[in-house]
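Please work through the exercises below with the sequence and the structure at hand. Each exercise states a task and then gives a solution in steps.

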Amino acid sequence: MASALSAAGQQQQQQQQERAVGDAERDVRRMAASKDAVDDMIRVLSVYDAGDLYPLSSPAPGREQAHGRGQEEDEEETFVAAEDVIRRCSSTSSSCGAVTDDYLYAVDDAIAVAALQGGLASRAAEAVHAAMPRLEEEVLALLSSSSSSSSSSAYSSATPRLSSSSSAACSPDHDLGDDDAITGGGTIPLSPRAAVSVRAVADRMLRAGYGPELAQLYVAARRGPLAESAARMLGGAADHPLAIEDVLRMEWPALDQRIRRWNHGVRPVVRTLMAGERLLCAEVFASDSGAENLGRECFADVCRGPVLQLLGFADAVAMCPRATEKLYRTLGMYEALADVAPDLQALFSSASAGDEDEDGTTRELVAGEASAVAARLGATLRRTVEEFVAAIAGESSRRPVAGGEIHPMTRYVLNYCGLLADCRATLDTVLLLDPDDNPDDEDAINNEARSQSQGAPSTPSGRCMRELLTRLLGKMDEKSELYDDAGLKNIFLMNNLYYVTQKVMDSPPLRELLGDDWIRRHRGQIRQYETAYLRASWTAALSSLRDDSPASPHGGSSGSGGRASSASREKDRQARGFNAAFEELYRSQTAWKVSDPQLREELRIAVSERLIPAYRSFLGRPRPQPARHVKYSLEDLENYMLDFFEGAHKFVR
């Protein structure tokens with residue numbers, strides 16, 4: 001009786017150990033299918049007693065055969081349960097809702113059994129194949145819903161408000177504000193829960209050998225929304241992409257707006273949309289090295305459209321007819337493209353140094369195309385600058401500006417010089433790449449020596465500014481010859497040169513490029529124009545006030561009556577001559593225009609310093625009788641001087 005009880009106890013203990021070992025092996029297979037194997041191992045091992053896994057006695061005869069039969073029975077039992085879950089949810093996917101953990105565990109069991117060499121392997125492979133449509137449907141739903149929501153949020157957060165001003169800084173970052181706030185550090189455009197779900201489903205598909213199908217689903221779900229977001233941020237529409245012919249036919253106001261949107265959007269497109277997409281691909285296809293390569297191929301396929309949009313528009317602008325008004329915007333495009341070129345190359349680069357096949361080819365293609373487009377933009381910019389200089393020299397209008405005011409071309413050139421000076425670093429890069437620029441050329445050497453002697457740094461942008469302003473001032477000298485009045489000619493030259501020097505002084509970038517010596521030299525030229533104006537306009541009036549009568553060599557009264565009468569007639573003649581000269585000056589020079597208030601006041605003071613003392617001396621000369629033709633007092637002249645250079649035709653009352 002005792003021996004029978006002992007044998008029954010040993011048999012029960014053996015069955016418990018076999019069951020424990022079978023459960024442990026099944027859990028090990030499941031953990032092999034999980035990416036959180038360590039946590040699962042700790043959880044599983046904590047439920048087993050050490051005595052179950054490591055019996056003290058040696059196994060009884062026939063134990064191994066019984067264990068094998070028990071393991072096969074447990075595997076079949078587990079697989080049958082998993083197969084039932086897969087078949088049931090796969091046939092009624094609409095009623096099962098989202099893929100649950102139980103469904104994923106069932107797929108894990110089927111994948112594990114399909115990898116074994118046994119009678120169940122073929123059935124397990126069929127079950128895995130039956131599960132794929134359900135997993136594909138889940139991946140597509142997650143990626144599609146996340147794409148649509150993330151695209152609109154990325155667009156609204158990354159696209160800045162655009163100002164209507166055309167005098168913004170060259171770099172779009174100046175308009176965008178804090179670049180970090182826009183790019184968001186390149187976060188994955190999925191919610192945390194959606195990202196976990198996508199990774200879980202993708203992991204099963206990759207382990208089951210359905211990587212190509214996963215890649216097709218990923219590209220189908222992500223390509224359209226990403227292209228749409230990129231198009232909106234770059235100022236276009238994904239369903240109506242602009243062809244090169246469309247860009248070439250656009251009027252400048254419309255093209256200017258599109259370029260501004262492109263300049264503002266290119267950095268967020270590369271650093272937010274594409275960077276986030278690259279991270280998402282890395283997460284979804286992170287199962288093994290082969291899947292990572294597949295992920296990079298998916299990224300290249302998804303981002304091909306936005307890259308073509310980005311580079312295609314810049315290339316079309318480079319082909320447009322060159323014009324000075326396009327210079328600043330095109331310079332902004334070059335700067336933005338040069339700024340994101342390293343990011344583009346990094347996004348399409350391989351994860352490992354030895355991975356240089358298709359992925360390396362894609363990287364080289366993207367980098368090569370970006371470099372080619374930037375080179376074409378640079379060539380367009382250089383030719384536009386050359387044509388700008390030639391346009392200044394070739395301006396041939398023969399109509400003088402009324403009142404000697406600032407010439408419109410002076411304002412135009414200085415406005416563009418200020419904009420170009422703000423982009424001097426980019427302009428230096430563009431001009432340094434000029435293949436026709438020979439540093440050993442005699443003119444280049446002379447220009448450099450001249451700029452260094454003027455205390456300005458010898459940079460390509462500095463030489464460009466000096467060339468533009470030299471041509472401009474030379475053209476103003478030519479325009480001054482259109483005036484018949486020598487005084488008005490000098491007022492015209494003074495107005496334009498004063499405007500140029502004030503613009504340079506008020507712009508720190510321009511002042512840095514041209515140097516303080518350049519400013520001092522040209523302000524000295526303004527004083528010369530002022531002196532020439534005073535000499536040309538006031539010499540006749542002031543000479544009429546001089547006392548040219550000879551002093552009497554003898555005293556006495558003999559002949560004094562005749563001399564007094566002659567002196568009185570001389571003074572009346574001088575008064576009449578001054579009156580006529582002053583009234584003519586007042587009539588003409590009140591119509592002359594000196595726009596700058598400070599320069600206008602300086603001119604009035606310069607005239608008064610010569611006129612008032614001379615007139616006071618004239619009035620103070622002794623007369624035998626009051627002069628009949630003296631019309632103005634000193635106060636009258638001072639008041640009349642306030643009307644000079646206002647640009648309003650007046651007559652002496």
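The exercises that follow concern a predicted model.

**Exercise 1. The chain as a whole**

Determine how many helices and strands the protein chain has, and state what percentage of its residues is buried.

Solution.
- Step 1. The protein chain has 26 helices and zero strands.
- Step 2. Of the 653 residues in the protein chain, 45% are buried.
- Step 3. The accessible surface of the protein chain comes to about 32500 Å², and carbon and sulfur atoms account for 52% of that surface.
- Step 4. Consider the contacts in the protein chain between residues at least 6 apart in sequence: 82% of these contacts join residues at least 24 apart.

**Exercise 2. A salt bridge between two helices**

Explain which parts of the chain are tied together by the salt bridge of aspartate 108 and arginine 207.

Solution.
- Step 1. Side chains of opposite charge can pair when their charged atoms come close.
- Step 2. In the salt bridge of aspartate 108 with arginine 207, the closest N and O atoms are 2.7 Å apart.
- Step 3. Aspartate 108 belongs to helix α6 (residues 101–114) and arginine 207 to helix α10 (residues 192–207), so this pair ties together parts that are 99 residues apart in sequence.
- Step 4. Aspartate 108 counts as buried because its relative accessibility is 1%, whereas arginine 207, at 28%, counts as partly exposed.
- Step 5. The pair also belongs to a network of salt bridges that links Asp108, Asp203, Arg204 and Arg207.

**Exercise 3. Two further salt bridges**

State where in the chain the partners lie in the salt bridge of aspartate 301 and arginine 223, and do likewise for arginine 471 and glutamate 467.

Solution.
- Step 1. The count of salt bridges comes to 35.
- Step 2. One of them joins the side chains of aspartate 301 and arginine 223, at 2.8 Å from N to O.
- Step 3. Aspartate 301 lies in helix α14 and arginine 223 in helix α11 (residues 211–233), so the pair ties together parts that are 78 residues apart in sequence.
- Step 4. Aspartate 301 is partly exposed at 23% relative accessibility, and arginine 223 is partly exposed at 39%.
- Step 5. Arginine 471 and glutamate 467 also meet through their side chains in a salt bridge, at 3.1 Å from N to O.
- Step 6. Helix α20 (residues 460–480) holds both arginine 471 and glutamate 467, which are four residues apart, about one turn of the helix.
- Step 7. Arginine 471 has a relative accessible area of 35% and is therefore partly exposed; glutamate 467, with 30%, is partly exposed.

**Exercise 4. Cysteines and disulfides**

Explain why the sulfur of cysteine 281 forms no bond with the closest cysteine sulfur, and treat cysteine 464 in the same manner.

Solution.
- Step 1. A disulfide requires a pair of cysteine sulfur atoms within 2.5 Å.
- Step 2. For cysteine 281, the closest cysteine sulfur is that of cysteine 298, and the distance of 5.9 Å is too far for a bond.
- Step 3. For cysteine 464, the closest cysteine sulfur is in cysteine 417, at 7.3 Å, which is again too far for a bond.
- Step 4. The count of disulfides comes to zero.
- Step 5. Cysteine 281 is buried, with a relative accessible area of 2%, and cysteine 464 is buried, with 9%.

**Exercise 5. Two buried positions**

Describe the surroundings of glutamate 83, and find how far glycine 276 is from leucine 190 in sequence and in space.

Solution.
- Step 1. Glutamate 83 is found in helix α4 (residues 63–91).
- Step 2. Glutamate 83 counts as buried because its relative accessible area is 13%, and buried means under 20%.
- Step 3. Not counting residues up to four places away in sequence, glutamate 83 touches Arg123 and Ala127.
- Step 4. The side chains of glutamate 83 and arginine 123 are joined by a polar contact of 2.5 Å.
- Step 5. Glycine 276 has its place in helix α13 (residues 252–284), and at 0% relative accessibility glycine 276 counts as buried.
- Step 6. Glycine 276 and leucine 190 are 86 residues apart in sequence, and their C-alpha atoms are 9.2 Å apart in space.

**Exercise 6. A nonpolar surface patch**

Identify the residues that make the nonpolar surface patch of about 240 Å².

Solution.
- Step 1. The patch is made by Ile244, Leu248 and Met319.
- Step 2. Methionine 319 lies in helix α14 (residues 289–319).
- Step 3. Methionine 319 counts as partly exposed, with 44% relative accessibility.

Methods:
Residues numbered from 1 in each chain as written. Predicted model: local features only at pLDDT ≥ 70, side-chain atom pairs only at ≥ 80, totals over all residues. Heavy atoms only, no water. Patch = residues over 30% accessible without salt bridge, like charges linked within 9 Å, V, L, I, M, F, W, Y side chains within 5 Å. Areas by Shrake-Rupley, 256 points an atom, 1.4 Å probe, with all protein chains shown as cover. Salt bridge = Lys/Arg side-chain N within 4 Å of Asp/Glu carboxyl O. Buried < 20%, exposed > 50% of the residue type's maximum accessible area, 1.4 Å probe, protein only. Contact = heavy atoms within 4.5 Å. Polar contact = N/O pair within 3.5 Å; in protein donor to acceptor, adjacent residues only side chain to side chain.
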